[in-house]
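Hi everyone, thanks for making time for this. Please pull up the sequence and the model on your screens, and we'll walk through them together.

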Amino acid sequence: MAQKTLKVMFIGDVVGTPGLKMVDLWLKNFIKKYSVDFVVCNGENAHHGKGMSLEALNQLIGAGVNVVTGGNHTWSNFNFFDTLKSNSQVLRPLNYPKGTYGRGYGIYKLPAGMGDIAVINLQGRTFMYPIDCPFRTADWVLKQIKEQTKEQVRFIFVDFHAEATAEKIALGWYLDGRVSAVLGTHTHIQTADERILPKGTGYCSDAGMTGPHQSVIGMQIKSATDRMLFQTPHKYECAEDDVHFSGIVLSLDPSSGKTVGIQRIFYPEFERGEL
C-alpha cells in the first residue's frame, strides 16, 4: 500500500486579535478542505500586533496549529520569556546569539505513523539585526538533525523571517534538495512566486499576513503615515478591518520528503473589479 502524501499548511504572520480570530474561524475548514496533517504558523505579531503571549499561543494551538514560529518581534512581550524557555511548540529564530531565550528548531511527531518533521526558524540579516549567519546556521542545524535522528527525518520545514527578497531566494537555492521547503515571512505581503526548485524544495518568498489589510502591514494607517511624514516615532496600534487569511499548503513526498505540490491561500480574495 502506497504511503500517504504529507500535507503541511503554513500560515503567514498572524497579526493581533483580528488575525487570531481569522485563524480560529477558518483553520479547521482549511485543514478539512486540503486534508492537512500538520500546521505551522508564524505568530511573532499575534500579541496586539507586536510580540507573542501565552494566551495567543494557546489560542493558535487550540485552533489546530502544531508549531508557532517567530521573528524579530518574538521578544517584544517580556511576559512571554518563560514560555519561550519551556514550551516546545513555540520557536524563535535559531541564529540569534548563544544564550538567547527559546529554541530555534524542533522535531515533532506526525499523525498516523508518518514519522517526524523538523521545523527550523531562521532570520535574515539584510536591513535587520546583524545576528549570526542564517546560511551557516542552516548548515549546522541540518547536521544536528541528521545526527540526532540518525537520518530518519525526511521532512524538514524552514520559516525564513527576512526583509530582503534576494536573501530569501538565496537561502532557497542554498538549501534546495536539502530541506522540504523554505517559506518566507516578515514583509506581511504575500508573493506570487511559489514554486518547486529543481532539487525538490518548495519555495515562496513570503506567505503573507493573516490579519487586517486595511492597514499598513497590520498597523493603523494614520500612525504609519504619520511616522513616515514626520520621521518621528508613533505608537504602534494594530488595525482591525478587512481581515484575510494568508498561507501556503505543501504536498510532501513520503519517501523523499521533497515538495511535489505547492499552493498559496489568500481568503477572501481582494476586490479587483473587472478588466
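Let's begin with Tyr108, whose bridge partner is Ile117 in strand S6. That pair belongs to a ladder of 5 bridges between S5 and S6, and these two strands run antiparallel. Before we go on, please keep in mind that this is a predicted model. S5 and S6 together make a hairpin, with 6 residues between the two strands. Look in the turn for Ala112, which has a positive phi of about 55°.

Now, what is on the other side of S6? Strand S7 pairs with S6 over 7 bridges, this time in the parallel sense. If you would like a pair to find on screen, take Ile120, whose bridge partner in S7 is Val158. In general, strands of a sheet pair through backbone hydrogen bonds, and they can do so either parallel or antiparallel.

How enclosed is S6 by the rest of the structure? Of its 8 residues, 7 are buried, so S6 is largely enclosed.

Let's zoom out to the whole sheet. It is an open sheet of 6 strands, and the order across it is S5-S6-S7-S8-S10-S9, with mixed pairing. Which strands stand at the edges? They are S5 (105–109) and S9 (195–196), and each has a single partner strand, so one side of each has no neighbour in the sheet. A helix also packs on this sheet: H5, residues 165–175, touches S6, S7, S8, S9 and S10. The direction of H5 makes about 170° with that of S8.

At the S9 end, S9 pairs with S10 (residues 202–204) in the antiparallel sense, over 2 bridges. Here you can look for Arg195, whose bridge partner in S10 is Tyr203.

Next, please scroll back to strand S3, residues 38–42. Is S3 mostly covered or mostly open? It is mostly covered, with 5 of its 5 residues buried. Phe38, Val40 and Asn42 point one way from S3, while Val39 and Cys41 point the other way, and all of them are buried.

S3 has pairings of its own. With S1 (residues 6–11), S3 pairs in the parallel sense over 4 bridges, and there Phe10 stands opposite Val40. With S4 (residues 67–69), S3 shares 3 bridges, and those two strands also run parallel. On that side, Cys41 stands opposite Val68.

Last topic: the pockets. Rolling a probe the size of a water molecule over the atoms shows where empty space is left.

The largest pocket has a volume of about 540 Å³. It is lined by 21 residues, and the closest to its centre are Asn72, His73, His186, Ile217 and Arg227. Which helix gives the most to this lining? That is H6 (residues 221–230), with 3 residues. By class, the lining has 9 nonpolar, 8 polar and 4 charged residues.

The second largest pocket holds about 310 Å³ of space. Of the 17 residues that line it, Lys146, Val153, Ile156, Gly177 and Arg178 lie nearest its centre. Helix H4 (residues 134–149) gives the most to this lining, with 6 residues. What kinds of residues are they by class, taking the whole lining? The count is 5 nonpolar, 5 polar and 7 charged.

That's my tour, so thanks for listening. If you want one place to start on your own, find Tyr108 and its partner Ile117 again.

How values were computed: Residues numbered from 1 in each chain as written. Predicted model: local features only at pLDDT ≥ 70, side-chain atom pairs only at ≥ 80, totals over all residues. Heavy atoms only, no water. 1 Å grid on protein atoms, 1.4 Å probe; cavity = no way out; pocket = protein on both sides within 12 Å on 5 of 7 lines; lining within 4 Å. Points joined across faces, edges and corners; volume = space filled by probe spheres on them. Nonpolar A, V, L, I, M, F, W, Y, C, P; charged D, E, K, R; others polar. Pairing = 2+ DSSP bridges. Contact = heavy atoms within 4.5 Å. Axes fitted to C-alpha atoms, helices over the stretch in contact; angles between N-to-C directions. Buried < 20%, exposed > 50% of the residue type's maximum accessible area, 1.4 Å probe, protein only.
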